[in-house]
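Aromatic side chains carry flat rings, and this explanation follows how such rings are placed relative to one another and to charged groups. Please keep the view open while reading, and look for each side chain as it is named.

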Amino acid sequence: MNNEIDVVALGELLIDFTENGISEHGNPLLEANPGGAPCNVLAMLQKYGKTTAFIGKVGDDNFGHMLADTVHELGIDISGLKYDKSVHTTLAFVHTYADGDRDFSFYRNPGADVMLEENEVDISLIKKAKIFHFGTLSMTHEVVEKATVKALDTAKAEGKLISFDPNLRPPLWSDLSIAKEKMEFGFRKCDILKISDNEIQFFTGESDILKGAQIIKEKYGIKLVCATLGKEGSYALYNDIVVKCDPFLNPNTIETTGAGDTFMGSLLNSVLDTGIDNYTESSLTEMLRTANAAASIITTRRGALKVMPTLAEIQTLMK
């Protein structure tokens with residue numbers, strides 16, 4: 001029996017409270033959507049029929065158990081999920097602007113996700129993985145950072161592919177210079193990088209997004225770099241090849257929460273199917289088109305984790 005797991009991710013699992021109308025008394029209504037970037041990525045991979053596992057921590061509270069149940073129902077292995085009896089599950093409040101873009105307020109000082117200790121990391125899951133995926137939000141606090149480094153060192157020692165999405169959230173850093181350091185740490189370790197236009201500008205100071213992406217790729221020797229440009233589409237940089245793909249702009253967009261994670265899940269699905277050493281200009285274009293289409297669909301739905309698009313939906317949009 002093959003016990004391999006396609007992708008193992010470590011990081012935050014939380015509740016995204018998203019705006020969903022106004023009450024009869026004129027108060028904003030908030031919907032409790034399961035979220036957290038690493039698990040969103042895994043949820044998209046599950047839709048592609050891949051096997052996934054999550055390593056992280058939630059509070060031993062109603063929200064924590066709701067998250068665990070949701071993730072388990074999606075088919076994600078949660079044997080690496082821990083519960084904290086003294087610290088509550090992390091909450092994020094998502095404020096949506098008229099164009100669908102958003103802003104975040106976090107209740108995480110601390111939240112259970114930053115309490116994951118290195119001795120709680122299930123190394124056996126990482127040893128079974130083909131790809132290990134992480135972001136910077138599991139490096140905002142010392143305890144969870146040690147857990148992240150342990151997982152990463154294990155993945156590196158075992159020869160796994162490393163996937164990184166900085167997922168910069170400025171309110172969660174005491175000092176943005178530390179965020180920059182942790183981004184650089186991820187760049188040094190990863191084989192696959194998904195990075196947004198604003199993160200490229202933040203890190204390099206470069207307003208030309210392609211130029212900024214090329215600087216990062218060349219300096220850190222990253223095999224595959226994908227830069228997302230919001231309404232402008234996306235780039236893929238691989239060896240000497242640069243591909244740009246237009247977005248699937250959707251008139252039904254209501255919010256962009258999870259769009260980057262949906263893109264990332266599609267990207268990792270492509271790497272699993274194609275092989276990191278086998279890309280051509282044609283297969284890179286197909287990868288970006290698929291990822292852009294998937295990301296477009298998620299912008300028409302509230303939340304992300306439970307409402308990832310199916311392969312049939314993605315293919316229909318691409319036609």
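A charge is said to sit over a ring if NZ of Lys or CZ of Arg is within 6 Å of the ring centre and also within 35 degrees of the ring normal. In this predicted model, the charged end of Lys-244 sits over the ring of Tyr-235, at 5.8 Å from the centre of that ring. A second case is found at Phe-202, where Lys-180 lies over the face of the ring, 5.2 Å from the ring centre.

Rings can also pair with one another, and the structure holds eleven aromatic pairs. One of them joins Phe-164 and Phe-187, whose ring centres are 5.9 Å apart and whose planes stand at 75 degrees; because planes over 60 degrees apart count as edge-to-face, this pair is edge-to-face. Phe-164 belongs to strand β9 (residues 161–165) and Phe-187 to helix α5 (residues 176–189), so that the pair links distant parts of the chain, 23 residues apart. Both of these residues, Phe-164 and Phe-187, are buried.

Phe-187 has a further partner in Tyr-220, with ring centres 5.5 Å apart and planes at 45 degrees, so this pair is tilted. Here, too, distant parts of the chain are linked, since Phe-187 lies in helix α5 and Tyr-220 in helix α7 (residues 209–220), 33 residues apart. Tyr-220 is buried, as is Phe-187.

These pairs can now be placed in a wider setting: ring pairs link Phe-132, Phe-134, Phe-164, Phe-187, Phe-203 and Tyr-220 into a cluster.

Technical notes: Residues numbered from 1 in each chain as written. Predicted model: local features only at pLDDT ≥ 70, side-chain atom pairs only at ≥ 80, totals over all residues. Heavy atoms only, no water. Phe/Tyr/Trp six-rings, centres within 6.5 Å; stacked < 30°, edge-to-face > 60°. Helix = DSSP H or I, 4+ residues; strand = E, 2+ residues; numbered from the N terminus. Buried < 20%, exposed > 50% of the residue type's maximum accessible area, 1.4 Å probe, protein only.
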